[in-house]
Amino acid sequence: MVSPEGCNLTDLAKLEEAAAVLKAVAHPVRLRIVELLEAGEMTVTELLTCLGTQQAYTSQQLNILKVRGVVAARRNGNQIHYSIAHPGAIKVIHCIRGQNGSETEQQKPGSSDAEKSRPTDVAPASEIPARLRSNH
């Protein structure tokens, strides 16, 4: 029989935070927003153009992400700029890309394990801006 001391469980607060991030991004439009913001800060107008959605709907999705701490907003005049506030959201996008890539792409002979496990459409960590790579 296993004792509780031998289970190596993740801290409950960390699990609750991870669950909140997963709930926040568990929607196709919100996933797309995080994917767009991975490249850097964007205004609501820029997001609307890329998403092809209505302003009210997009604002609702952004608010959900903001309340959950996934994105941050700052006002500059009459524009609101959004950026990633929680680097874990980027990791979710990378996991999704990795899952999709592993189902559809064949691994090349002679490539390293690191190359095999990293999808081709995900930038290496060295190409991701430092502010998006930092852990909170």
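The following exercises, with worked solutions, concern a predicted model.

Residues are numbered from 1 along each chain as its sequence is written. In this predicted model, local features need pLDDT of at least 70 and side-chain atom pairs count only at pLDDT 80 or more, while totals for chains, interfaces and linings use all residues; side-chain values use heavy atoms, with hydrogens and water left out.

**Exercise 1. Confidence**

Task: State the average pLDDT of the protein chain and identify stretches where the pLDDT is below 50.

Solution:
1. pLDDT is the predictor's confidence in each residue, from 0 to 100.
2. The protein chain has an average pLDDT of 77, and 69% of the residues score at least 70.
3. Residues 103-126 have a pLDDT below 50; beyond near neighbours in sequence, this stretch has 13 contacts in the model, a contact being heavy atoms within 4.5 Å.
4. Residues 128-136 also have a pLDDT below 50, with 17 contacts beyond near neighbours in sequence.
5. Where pLDDT is low, the predicted coordinates should not be read in detail.

**Exercise 2. The sheet**

Task: Determine the strand order of the sheet and explain why β1 and β2 stand at its edges.

Solution:
1. Strands (E, at least two residues) and helices (H or I, at least four) are DSSP runs, numbered from the N terminus. Two strands pair if DSSP finds at least two bridges between them.
2. The open sheet contains 3 strands in the order β1-β3-β2, with antiparallel pairing.
3. β1 (42-43) and β2 (71-76) each have a single partner strand, so one side of each is left without a neighbour in the sheet.
4. Helix α4 (residues 55-67) packs on the sheet and touches β2 and β3; its direction makes about 115° with that of β2. For such angles, axes are lines fitted to C-alpha atoms, for helices over the stretch in contact, and the angles run from 0 to 180 degrees between N-to-C directions.
5. Between β1 and β3 (residues 79-84) there are 2 bridges, in the antiparallel sense, and M42 stands opposite Y82 in β3.
6. β2 and β3 run antiparallel and are joined by 6 bridges; R74 stands opposite H81 in β3.
7. β2 and β3 form a hairpin with 2 residues between them, and G77 in the turn has a positive phi of about 65°.

**Exercise 3. Salt bridges**

Task: Locate the 2 salt bridges found in the whole structure.

Solution:
1. A salt bridge is a side-chain nitrogen of Lys or Arg within 4 Å of a carboxyl oxygen of Asp or Glu.
2. One joins the side chains of E35 and R32 at 3.2 Å, N to O. Both residues lie in helix α2 (residues 28-37), 3 residues apart, about one turn of the helix.
3. Another is formed by E41 and R74, with the closest N and O atoms 2.8 Å apart. This pair links distant parts of the chain: E41 is in the loop between α2 and β1, R74 is in strand β2, and they are 33 residues apart.
4. For accessibility, buried means under 20% relative accessible area, exposed over 50%, and partly exposed in between (1.4 Å probe, protein chains only). E41 is partly exposed at 33%, and R74 is partly exposed at 40%.

**Exercise 4. Cysteines and a proline**

Task: Give the disulfide count, then classify C50, C95 and P87 by accessibility.

Solution:
1. With a disulfide taken as a pair of cysteine sulfur atoms within 2.5 Å, the count is 0.
2. C50 is partly exposed at 45% relative accessibility, whereas C95 is exposed at 56%.
3. P87, in helix α5 (residues 87-104), is buried at 8%.
4. P87 and V70 are 17 residues apart in sequence and 8.0 Å apart in space, C-alpha to C-alpha.
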